[in-house]
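Subject: Handover of a structure for your review

Dear colleague,

Please find the structure below, together with its sequence. My notes on it follow.

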Amino acid sequence: MTTDTTTKDATAGASAPGEVVLDARGVTMRFGGLTAVRNVDFTVKSGEIVGLIGPNGAGKTTFFNCLTGLYIPTEGEVRYKGNVLPPKSYKVTAAGIARTFQNIRLFANMTVLENVLVGRHTRTKEGLWSALLRGPGFHKAEAASRERAMELLEFVGLAGKADHLARNLPYGEQRKLEIARALASEPGLLLLDEPTAGMNPQETRATEELVFAIRDKGIAVLVIEHDMRFIFNLCDRVAVLVQGEKLVEGDSATVQGDERVIAAYLGEPFEDAPGDEEVAEVEAAEAQAETTTDAAPGKENDR
Ligand SMILES: Nc1ncnc2c1ncn2[C@@H]1O[C@H](COP(=O)(O)OP(=O)(O)OP(=O)(O)O)[C@@H](O)[C@H]1O
């Protein structure tokens, strides 16, 4: 049981159901002449799992970066629980938004437990002097942090590997560890950037279960992913970005059935798609060719 006041409990970042936790208004991000994200309005409420999808280069990661203080939007603003985001990513984490990255960013030569402890630094109040002097306050805080880190490892299924070096974990477990480290900052909103990239189907299903369990703790989740089956199984709501703009937003069925989404992924249907007449002509020509071949003596031996 966690008793120390320097740490928060498992649901510290949780909010009342239905409360808007993330509110992005008119977010635009330009890089020189290129507009990567254009005038996007977007909200996430507590208790929700929201998906962000779109073809390559649609602006998903850029938008994520605008939500985590990595980029300051050229226009528009982002609020977390009513407050405009601070312009530094560590301050955004401290405010309650945690994230994982498309390319895993662990401390490879630290243990699994140490990686989670690093994620807790925004939630411990012990200062430099306390750490240097290693007084009773420091030891108490450290014990509480370890206890919480172990709880999180238990939650993601890695408690048995707390002492392993992060670099020795298989790929799927490294992704779980990243999630545990993000949860260590006790967020109210967790952003996952392609959490199933490179995973096999079993690992993907396990990740789905893990995300549901995170949501059940009262943490809102926003996820970017290319695996459509994963997204449509998982999300209460899905937004589609295309060329930096939000094209469609709705529940899975609405988004899956929207012709504009299909067109954005597959390209517009051919204007001159072959009609019945053309198909009949081709079939007739093929039949004719077959007859000619069969009739030609010694044809088999010519090959
Ligand atoms: N730092 C940057 N400087 C200049 N252009 C950038 C920068 N970051 C992204 N872009 C451009 O912005 C556009 C959107 O890129 P972004 O990576 O956000 O798309 P994405 O939807 O995440 O793509 P993917 O699914 O391939 O990861 C692209 O044209 C990209 O080249």
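How many contacts beyond four places in sequence does the model have for residues 295–303, where pLDDT stays under 50? For residues 295–303 the model has 1 such contact. I begin with this point since the model is predicted, and the confidence values should be read alongside everything below.

**Confidence**

Residues 1–11 also have pLDDT under 50 throughout, and for them the model has 24 contacts beyond four places in sequence. For the protein chain, the mean pLDDT is 82, with 78% of residues at 70 or more. The scores of the model are ipTM 0.96 and pTM 0.79.

**Overall composition**

The protein chain contains 12 helices and 10 strands. It has 303 residues, of which 35% count as buried. Taking the contacts between residues at least 6 apart in sequence, 70% join residues at least 24 apart.

**Surroundings of the ligand**

The residues around the ligand begin in sequence with Phe31, Leu34 and Ala36, and they continue with Gly54, Asn56, Gly57, Ala58, Gly59, Lys60, Thr61 and Thr62. Sorted by class, this shell holds 6 polar, 4 nonpolar and 1 charged residues. Two elements, β2 (34–45) and α1 (60–67), each contribute at least two residues to the shell. Helix α1 provides the largest share, namely 3 residues.

**The sheet that includes β2**

Strand β2 also belongs to an open sheet of 4 strands, which run in the order β2-β1-β4-β5 with antiparallel pairing. Because β2 and β5 (83–84) each have a single partner strand, they stand at the edges, and one side of each is left without a neighbour in the sheet. Strand β4 (residues 75–80) pairs with β5 in the antiparallel sense over 2 bridges; Tyr80 has Asn83 of β5 as its bridge partner.

Within β2 lies Asn39, a residue other than glycine whose phi is positive, near 50°. Asn39 counts as partly exposed because it has 14 C-beta neighbours inside 10 Å.

**Strands β3, β9 and β10**

Strand β9 (residues 237–242) pairs with β3 (residues 49–53) in the parallel sense, over 4 bridges. In that pairing, Ala239 of β9 is the bridge partner of Leu52. Strand β9 also pairs with β10 (residues 245–250), here in the antiparallel sense and over 5 bridges. Val242 has Glu245 of β10 as its bridge partner. The hairpin of β9 and β10 has 2 residues between the strands, and Gln243 in this hairpin takes a positive phi near 45°.

**A further positive phi**

Glu186, which is not a glycine, has a positive phi of about 50°. Glu186 is located in the loop between α6 (171–183) and β7 (189–193). Is Glu186 buried or exposed? Glu186 is buried, because 23 other C-beta atoms lie within 10 Å and the cut-off for a buried residue is 20 or more.

**Helix α3**

In helix α3 (residues 112–119), the buried residues are Val112, Leu113, Asn115, Val116 and Gly119. Viewed down the axis of α3, these buried residues fall within an arc of 160°, so they line one face of the helix. The spacing fits a general rule: an α-helix has 3.6 residues a turn, so residues three or four places apart point the same way.

With kind regards

Technical notes:
Residues are numbered from 1 along each chain as its sequence is written. This is a predicted model: local features need pLDDT of at least 70, side-chain atom pairs count only at pLDDT 80 or more; totals for chains, interfaces and linings use all residues. A residue is buried if 20 or more other C-beta atoms lie within 10 Å of its own, exposed if 12 or fewer, and partly exposed in between; C-beta atoms are placed from the backbone. The arc is that of the directions from the helix axis to the C-beta atoms. A residue is near a molecule or strand if its C-beta atom, placed from the backbone, lies within 6 Å of it. Ala, Val, Leu, Ile, Met, Phe, Trp, Tyr, Cys and Pro count as nonpolar, Asp, Glu, Lys and Arg as charged, and the others, Gly among them, as polar. Two residues are in contact if their C-beta atoms, placed from the backbone, lie within 7 Å. Two strands pair if DSSP finds at least two bridges between them. pLDDT is the predictor's confidence in each residue, from 0 to 100.
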